[in-house]
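The report below walks through a single protein chain, beginning with one residue and its surroundings and then widening to the aromatic side chains, the pocket and the chain as a whole. Please keep the sequence and the structure in view while reading.

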Amino acid sequence: MKTQLLSHWMRLLASSMHVLLIVLVTLRGDFGKGSLLALPLFLPLAGILRGRRYTYSWASMMLAFYAAGYLSAGYAEPQNKWAAFGIATVAALDFVGLVMYVRFLARERIAQGLRPS
């Protein structure tokens, strides 16, 4: 029962952080650059909002690039480091939410006697 609550909270964390990441990436750059950087984030959005486990799995791989890119931007542009580090933190929280949702959901399925896949 406790893992069900954890998977629910991880799904909420991942969904909210993913939407926030789209908004922040779009607002961070000028209209063209921000829109282009946010475009790949729209690909898994429907599956994330629906709670599809497969989408959560592959979308987590994409977020490593956003976290690394904004961390490097923070070090390269000291005048904008807090904005870049903030977006990198949101990307990292999104990553954690995606990965932990898949993990807790698999544990729930095992506890119910189902296959984890």
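In which helix is Thr55 found? Thr55 is found in helix α4, and it should be said at the outset that this placement, like everything that follows, comes from a predicted model. With a relative accessible area of 10%, Thr55 is buried, because that value falls under the 20% limit that defines the class. When its neighbours within four places in sequence are left aside, Thr55 is in contact with Pro44, Gly47 and Ile48.

**Individual residues compared**

Two further residues can be described in the same way as Thr55. Leu13 belongs to helix α1, which covers residues 2-28, and, apart from neighbours within four places in sequence, Leu13 is in contact with Leu93 and Gly97. Leu13 and Ala111 are 98 residues apart along the chain, and their C-alpha atoms are separated by 23 Å. Phe95, for its part, lies in helix α5 and touches Ser60 and Leu63, again not counting residues up to four places away in sequence. Between Phe95 and Arg115, which are 20 residues apart in sequence, the C-alpha to C-alpha distance is 24 Å.

The table sets out the accessibility of these residues together with that of three aromatic residues taken up in the next section.

| Residue | Relative accessible area | Class |
|---|---|---|
| Thr55 | 10% | buried |
| Phe85 | 17% | buried |
| Leu13 | 25% | partly exposed |
| Phe95 | 34% | partly exposed |
| Trp82 | 66% | exposed |
| Tyr75 | 67% | exposed |

**Aromatic pairs**

A search of the whole structure finds three aromatic pairs. In one of them, the ring centres of Tyr75 and Phe85 are 5.2 Å apart and the planes stand at 65°, so the pair is edge-to-face. This pair links distant parts of the chain, since Tyr75 sits in helix α4 (residues 53-76) and Phe85 in helix α5 (residues 81-111), the two being ten residues apart. As for accessibility, Tyr75 is exposed at 67%, whereas Phe85 counts as buried at 17%.

Phe85 also takes part in a pair with Trp82, in which the ring centres lie 6.3 Å apart and the planes are at 85°, so that this pair, too, is edge-to-face. Trp82 and Phe85 are separated by about one helical turn, because they are three residues apart in helix α5. Trp82 counts as exposed, with a relative accessibility of 66%. Taken together, Tyr75, Trp82 and Phe85 form one aromatic cluster.

**The largest pocket**

What volume does the largest pocket have? The volume of the largest pocket is about 160 Å³. Its lining is made up of Arg28, Gly29, Asp30, Lys33, Leu37, Tyr70, Ala73 and Glu77. Two elements, α2 (31-42) and α4, each give two or more residues to this lining. Sorted by class, the residues that line the largest pocket are three nonpolar, one polar and four charged.

**The chain as a whole**

How many helices and how many strands are there in the protein chain? The protein chain has five helices and zero strands, and from the N terminus on its elements run α-α-α-α-α. Along its principal axes, the C-alpha trace spans about 55 × 25 × 20 Å. The protein chain has 117 residues, of which 36% count as buried, with Thr55 at 10% and Phe85 at 17% being two residues in that class.

The accessible surface of the protein chain amounts to about 7100 Å², and 70% of this surface belongs to carbon and sulfur atoms. Turning to contacts, and considering those in the protein chain between residues at least 6 apart in sequence, 65% join residues at least 24 apart. The contacts of Leu13 with Leu93 and Gly97, and those of Phe95 with Ser60 and Leu63, can be inspected in the structure alongside this figure.

Definitions and conventions: Residues numbered from 1 in each chain as written. Predicted model: local features only at pLDDT ≥ 70, side-chain atom pairs only at ≥ 80, totals over all residues. Heavy atoms only, no water. Phe/Tyr/Trp six-rings, centres within 6.5 Å; stacked < 30°, edge-to-face > 60°. Helix = DSSP H or I, 4+ residues; strand = E, 2+ residues; numbered from the N terminus. Buried < 20%, exposed > 50% of the residue type's maximum accessible area, 1.4 Å probe, protein only. 1 Å grid on protein atoms, 1.4 Å probe; cavity = no way out; pocket = protein on both sides within 12 Å on 5 of 7 lines; lining within 4 Å. Points joined across faces, edges and corners; volume = space filled by probe spheres on them. Nonpolar A, V, L, I, M, F, W, Y, C, P; charged D, E, K, R; others polar. Contact = heavy atoms within 4.5 Å. Areas by Shrake-Rupley, 256 points an atom, 1.4 Å probe, with all protein chains shown as cover.
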